[in-house]
Amino acid sequence: MPLTLWQHCTLATLQAQSTEPYGLVEDGALVVEGEHLRWVGRLADLPAELRQQCQQTNDAGGALITPGLIDCHTHLVYGGNRAAEFEQRLGGASYEDIARQGGGIASTVKNTRAASADELLQQSLPRLQQLMAEGVTTVEIKSGYGLAMAHERKCLQVARTLGQTQALDVCTTFLGAHALPPEFAGRSDDYVDEVLHMLTDLHAEGLVDAVDAFCERIAFSPAQTARVLAAAQALGLPVKLHAEQLSDSGGAALAASFGALSCDHLEWLSEDGAAAMAAAGTVAVLLPGAFYFLRETKLPPIEMLRRHGLSIAISTDCNPGSSPCTSLLLMLNMACTLFRLTPEEALAGVTRHAAQALGFKDRGVLAAGRRADFVLWNVQHPAQLAYALGANPHLQTIYKGQAR
């Protein structure tokens with residue numbers, strides 16, 4: 001298989017074992033073989049024999065190269081928007097007030113059900129392309145705005161189509177237990193029965209890569225959530241959880257007991273929940289866009305996460321109600337300014353730790369044997385990616401070894 005050399009670059013490898021911040025390699029080089037990285041390091045250390053085997057050499061022009069970015073928590077496929085609710089919140093209404101009045105998720109469910117698959121595809125594609133324009137090579141897309149078999153299937157099929165037609169990986173997550181649909185008002189246990197039925201069928205159709213749920217006082221109880229996670233586990237599917245966003249429901253510890261890939265939001269995470277996540281190897285996914293957009297005041301317990309040695313991932317949480325955001329670079333800045341993460345922690349959160357949050361071991365760092373997903377940036381130092389508001393110094397994305 002032909003080899004391609006990339007040289008004249010600085011590498012932010014994000015390798016955990018590196019003694020350099022960001023896993024930085026000055027005057028670095030990459031050798032690509034097919035869809036994978038064959039060699040990574042200082043150009044001066046590249047074996048002469050391997051260099052002679054390279055049939056093509058690309059000059060990176062002094063660019064910074066990072067792993068391809070990974071957006072590990074999105075609700076990208078949905079119909080309509082919720083700008084009117086944005087106005088309501090600015091007028092003093094809370095997220096919970098709006099949800100209890102039939103707005104919130106229920107509003108998006110109505111618009112998503114009314115849209116055809118083609119209409120959802122046309123609405124969702126620009127959002128995905130905006131992420132791709134900032135170097136995203138892997139994205140997770142949740143369902144959860146259909147809340148009925150036909151519409152959950154429709155959303156997952158649209159997500160699959162996006163992955164099949166665009167040059168990036170799309171991971172699908174079934175979030176049937178996102179909210180109680182209006183036709184099941186007052187019958188939440190009956191709806192959980194329906195969620196389990198949907199999960200079985202949608203998994204059989206090959207539409208589900210993982211399972212999520214919203215464990216919260218305005219959504220589903222820990223007992224109901226446990227039923228969903230147990231059903232997923234029985235099917236051999238990995239699980240994750242929207243946990244401790246509005247209150248401490250014990251969801252993080254519950255998810256960890258099922259070996260969850262991640263728990264997401266976590267503003268109200270307890271010490272016990274953090275310890276359980278650490279023991280299970282569950283990633284903490286922080287969503288600064290939702291924190292900002294909802295004007296929350298309860299910060300995630302960053303020092304607690306660090307103390308327990310938890311991997312911290314960052315994501316856009318792209319959705320119409322609490323984070324209508326399609327900029328992962330902006331999330332780097334918000335993670336630093338709002339949550340006080342370091343720029344290195346933030347960048348690891350959209351590469352190495354985001355890969356972990358999706359269960360991937362073949363991406364998220366620049367290392368031999370990993371997939372050749374990487375991005376060239378017009379900056380001198382990785383901290384600049386989190387620094388400039390609204391800037392996009394993206395030069396080029398390489399996905400599976402090929403220019404995108």
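What share of the contacts in the chain with a separation of 6 or more comes from residues 24 or more positions apart? In this predicted model, such residues account for 72% of those contacts. The chain is built from 16 helices and 15 strands.

The overall dimensions come next. The chain has 404 residues and a radius of gyration of 21 Å, which agrees with the value near 22 Å for a compact globule of that length. Along the principal axes, the C-alpha atoms fill a box of roughly 70 × 40 × 40 Å. Of the 404 residues, 58% count as buried. The surface that the chain exposes comes to about 15,400 Å², and carbon and sulfur atoms supply 50% of this area. The chain carries 29 positive and 42 negative charges, and the mean positions of the two sets are 1 Å apart.

The cysteines can be taken together. The structure holds zero disulfides. Cysteine 72 is in no disulfide, and the nearest cysteine sulfur, which belongs to cysteine 171, is 9.9 Å away. Because a disulfide requires sulfur atoms within 2.5 Å, that distance of 9.9 Å does not qualify. Cysteine 318 is likewise in no disulfide; the nearest cysteine sulfur, that of cysteine 325, is 7.3 Å away. Cysteine 72 counts as buried because its relative accessibility is 1%, under the 20% cut-off. Cysteine 318 is buried too, with a relative accessible area of 1%.

Two residues draw attention through their backbone angles. Most residues other than glycine have a negative phi. Leucine 266 is not a glycine, yet has a positive phi of about 70°. This leucine lies in the loop between strand S10 (262-265) and helix H10 (271-280). Is leucine 266 buried or exposed? At 0% relative accessibility, leucine 266 counts as buried.

Arginine 340 is the other case, with a positive phi near 65° in a residue other than glycine. Arginine 340 is found in the loop between helix H13 (328-337) and helix H14 (343-349). Its relative accessible area is 59%, so arginine 340 is exposed. Thus leucine 266 is buried, whereas arginine 340 is exposed.

Methionine 304 offers a view of a helix and its surroundings. This residue lies in helix H12, which covers residues 302-307. Which residues does methionine 304 touch, not counting those up to four places away in sequence? They are Leu269, Ser270, Glu271 and Ala274. Alanine 275 is 29 residues away from methionine 304 in sequence, and the two C-alpha atoms are 9.3 Å apart in space. The relative accessibility of methionine 304 is 13%, so the residue counts as buried.

Histidine 36 provides a view of a strand. Its place is in strand S3, residues 36-42. Leaving out residues up to four places away in sequence, histidine 36 touches Val31, Gly369, Arg370, Arg371 and Ala372. The C-alpha atom of histidine 36 is separated by 39 Å from that of leucine 147, a residue 111 positions apart along the chain. Why does histidine 36 count as partly exposed? Its relative accessible area is 35%, which falls between the 20% limit for buried and the 50% limit for exposed.

Methods
Residues numbered from 1 in each chain as written. Predicted model: local features only at pLDDT ≥ 70, side-chain atom pairs only at ≥ 80, totals over all residues. Heavy atoms only, no water. Helix = DSSP H or I, 4+ residues; strand = E, 2+ residues; numbered from the N terminus. Rg over C-alpha atoms; globule rule 2.2 N^0.38 Å. Buried < 20%, exposed > 50% of the residue type's maximum accessible area, 1.4 Å probe, protein only. Contact = heavy atoms within 4.5 Å. Areas by Shrake-Rupley, 256 points an atom, 1.4 Å probe, with all protein chains shown as cover. Lys, Arg positive; Asp, Glu negative; His and termini not counted. Charge placed at Lys NZ, Arg CZ, Asp CG, Glu CD.
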